[in-house]
Amino acid sequence: MVIDCLENYEAMSSRAADVVASAISEKPTGVFGFATGSTPVGLYKSLIARYQRGEVTFSKLTTINLDEYIGLSADHEQSYRFFMQHNLFGHVDVQPECVHFPPVNGEPAAFDDLIRNKKGIDLQILGLGSNGHIGFNEPGSAFDSRTRVVELESSTIRDNARFFEHQRDVPRQAVTMGIKTILEAHQILLLASGANKANAVARSLEGPQTENVPGSCLQSHPNVIVLLDEAAAARLTTK
Ligand code: F6R
């Protein structure tokens, strides 16, 4: 695991864009896993700028998203499809038929089959929940879990209420890529920024590997890059 602590969110996002853009240049036909939430927004802005300067193309990529709320239509402003369209896909040359989300109605296992048929994910981008979740694999998720429907923890509902008018509007369920599927990605890029992530970062990177802290599963992956800002790195003992 390579852990890099950058000065602030902008520096973290720009370094993340370096990693993703160079992975795309190395494998323009690759399978890239995307995350939603506040954390990767700066990365996506930076990728859009690079695309506009002609430095990167998404035209041959396959994209796979980590998770999706259940109960929101695809055009709902808080659906993760809408988020990706608004924050990245709608601004670059990704081919709509190459964009994939875990199925909100269909058979979750079909998503793992799709990833397997594509020969796995080349680079999976992850954010980290303040409770240590990755994707919507909440604490207690089995390390051998696959894509499935999950109930969101009340802390996740509270964290995500900032995107909705009322907390009661936040969906209670989501479909998420499982931990085992995430761990099968050839490379993982974990991003975390802000003081509210410091505890989850320290427990994920330096604590015991336990299903109570889903992010701690990443310690067993052979090819993880972690990019943090100073606030998120504050509780790490190794600097
Ligand atoms: C989103 C996802 C979640 C978020 C996490 C952090 O696709 O899978 O695990 O990465 O909840 O969210 P933010 O970045 O909003 O703090």
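A pocket here is an open set of grid points, where a 1.4 Å probe fits, with protein on both sides within 12 Å along at least five of seven lines. The views below come from a predicted model.

**View 1. The largest pocket and the space inside.** About 580 Å³ of space lies in this pocket. As for what fills it, the ligand takes up the space of the largest pocket.

**View 2. The walls of the largest pocket.** Count the lining and you get 33 residues, with T36, G37, S38, N160 and R162 lying nearest the centre. The elements giving two or more residues to this lining are β4 (67-69), α3 (80-87) and α5 (154-160). Helix α3 chips in the largest share, five residues. Sorted by class, the lining has 10 nonpolar, 18 polar and five charged residues.

**View 3. The shell around the ligand.** Zooming in on the ligand, we find 14 residues surrounding it, and the closest are T39, D67, H133, G135 and K197. This shell splits into eight polar, three nonpolar and three charged residues.

**View 4. Polar contacts to ligand oxygens.** H133 puts a polar side-chain atom 2.6 Å from an oxygen atom of the ligand. With G135 it's the backbone that takes part: one of its polar backbone atoms is 2.7 Å from a ligand oxygen. R162 goes back to the side chain, with a polar atom 2.9 Å from an oxygen atom of the ligand. As for cover, the ligand has 410 Å² of accessible area on its own, and the protein covers 94% of that. R162 also turns up in View 2, among the residues nearest the centre of the largest pocket.

Definitions and conventions:
Residues numbered from 1 in each chain as written. Predicted model: local features only at pLDDT ≥ 70, side-chain atom pairs only at ≥ 80, totals over all residues. Heavy atoms only, no water. Near = heavy atom within 4 Å. Polar contact = N/O pair within 3.5 Å; in protein donor to acceptor, adjacent residues only side chain to side chain. Areas by Shrake-Rupley, 256 points an atom, 1.4 Å probe, with all protein chains shown as cover. 1 Å grid on protein atoms, 1.4 Å probe; cavity = no way out; pocket = protein on both sides within 12 Å on 5 of 7 lines; lining within 4 Å. Sits in = over half its atoms within 2 Å of the grid points. Nonpolar A, V, L, I, M, F, W, Y, C, P; charged D, E, K, R; others polar. Points joined across faces, edges and corners; volume = space filled by probe spheres on them. Helix = DSSP H or I, 4+ residues; strand = E, 2+ residues; numbered from the N terminus.
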